[in-house]
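Here is a small set of exercises to work through with the model open beside you. Try each task before you read its solution.

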Amino acid sequence: MLWALTDALRRQGLHIQPFFSTACFSEYRKAAAFSGTCPRHLDAWLMTPELSREWFLRGAGPCDLAIVEGEFGQRDAAMPDGSLEPLCEWLELPRLVVLDASRSGDSLPNPPEQVDGVLIDCIQSDSQLTRMIVQIETHWEVPVLGALESSPSLRAELGSMA
């Protein structure tokens, strides 16, 4: 979902700077292919709030949009382990959830503690999209900002990228 959004915005002429919320290089090449920019890394476990802000501002300064990608998870104040929560707090970032419709079934998972909007991925039908929008906006009380249909062949191709 984020790669599709990044690619669409880049094709509109915007300069996008991706960041990862952990010092992990597993998705490095894929993110660079879609954003046209080498991803940078932030990590709440390895960095202080001040250092995170400095690196974020340096990396995001010359671009139109910065995206910090990671996972929301159980937060332990003593060991934040690279999750998004501390970075969102330190950098005052909006919290967007990418929700995989193929895994949600008929019920929604519990939302993260704070969420500002939702992007729905892997939509199978218009009726599924309508149902999920109603559920999310009613139960989570946040807007659905976009959705992307399922495309198995494209996802298989993305999965095979080195």
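**Exercise 1. Find where confidence in the chain is lowest and where it is highest.**

Solution. Start with pLDDT, the predictor's confidence in each residue, from 0 to 100. In the chain, helix α2 (residues 28–35) has the lowest confidence, with a mean of 57, and α3 the highest, at 94. Next, take the whole chain: its average pLDDT is 82, and 78% of the residues score at least 70. Finally, keep a caution in mind: where pLDDT is low, the predicted coordinates should not be read in detail.

Two notes on conventions will help from here on. This is a predicted model, in which local features need pLDDT of at least 70 and side-chain atom pairs count only at pLDDT 80 or more, while totals for chains, interfaces and linings use all residues. Residues are numbered from 1 along each chain as its sequence is written, and side-chain values use heavy atoms, with hydrogens and water left out.

**Exercise 2. Work out how many helices and strands the chain has, and in what order they run.**

Solution. Helices (H or I, at least four residues) and strands (E, at least two) are DSSP runs, numbered from the N terminus. Counting them gives 7 helices and 6 strands. Reading from the N terminus on, the elements follow the pattern α-β-α-β-α-β-α-β-α-β-α-β-α.

**Exercise 3. Describe the sheet that contains β1, and the helices that pack on it.**

Solution. Strands pair if DSSP finds at least two bridges between them. With that rule, 3 strands form an open sheet in the order β2-β1-β3, and the pairing is parallel. β2 (40–41) and β3 (65–69) are at the edges with a single partner strand each, so one side of each has no neighbour in the sheet. Then look at one pair: strand β1 (residues 16–20) and β2 run parallel and are joined by 2 bridges. Phe20 stands opposite His41 in β2.

Now add the helices, where contact means heavy atoms within 4.5 Å. Axes are lines fitted to C-alpha atoms, for helices over the stretch in contact, and angles run from 0 to 180 degrees between N-to-C directions. Helix α1 (residues 2–11) packs on the sheet and touches β1 and β3, its direction making about 170° with that of β3. Helix α3 (residues 49–60) also packs on the sheet, touching β1, β2 and β3, and its direction makes about 155° with that of β1.

**Exercise 4. Do the same for the sheet with the order β4-β5-β6.**

Solution. This is an open sheet of 3 strands with parallel pairing. At its edges stand β4 (96–100) and β6 (144–149), each with a single partner strand, so one side of each is left without a neighbour in the sheet. From one strand to the next, the twist averages 15°. β4 and strand β5 (residues 117–123) run parallel, joined by 5 bridges; the bridge partner of Leu99 in β5 is Ile120. Last, helix α6 (residues 126–140) lies across β4, β5 and β6, running at about 155° to β5.

**Exercise 5. Identify the largest nonpolar core and the helix that gives the most to it.**

Solution. First, the terms: buried means under 20% relative accessible area, exposed over 50%, and partly exposed in between (1.4 Å probe, protein chains only). A nonpolar core is a set of buried Ala, Val, Leu, Ile, Met, Phe, Trp, Tyr and Cys residues joined through side-chain atoms within 4.5 Å. The largest such core has 14 residues, and those with the most contacts inside it include Phe19, Phe56 and Leu91. α4 gives the most to this core, with 5 residues. Phe56 touches residues including Phe19, Leu42, Val68 and Leu93, leaving aside those up to four places away in sequence. A second, separate core of 12 residues includes Val97, Leu99, Val142 and Val144.

**Exercise 6. Where does Glu92 lie, and is Glu92 buried or exposed?**

Solution. Glu92 lies in the loop between α4 (84–91) and β4. Its relative accessibility is 72%, so Glu92 counts as exposed. Check the backbone too: phi of Glu92 is near 55°, a positive value in a residue other than glycine. For background, most residues other than glycine have a negative phi.
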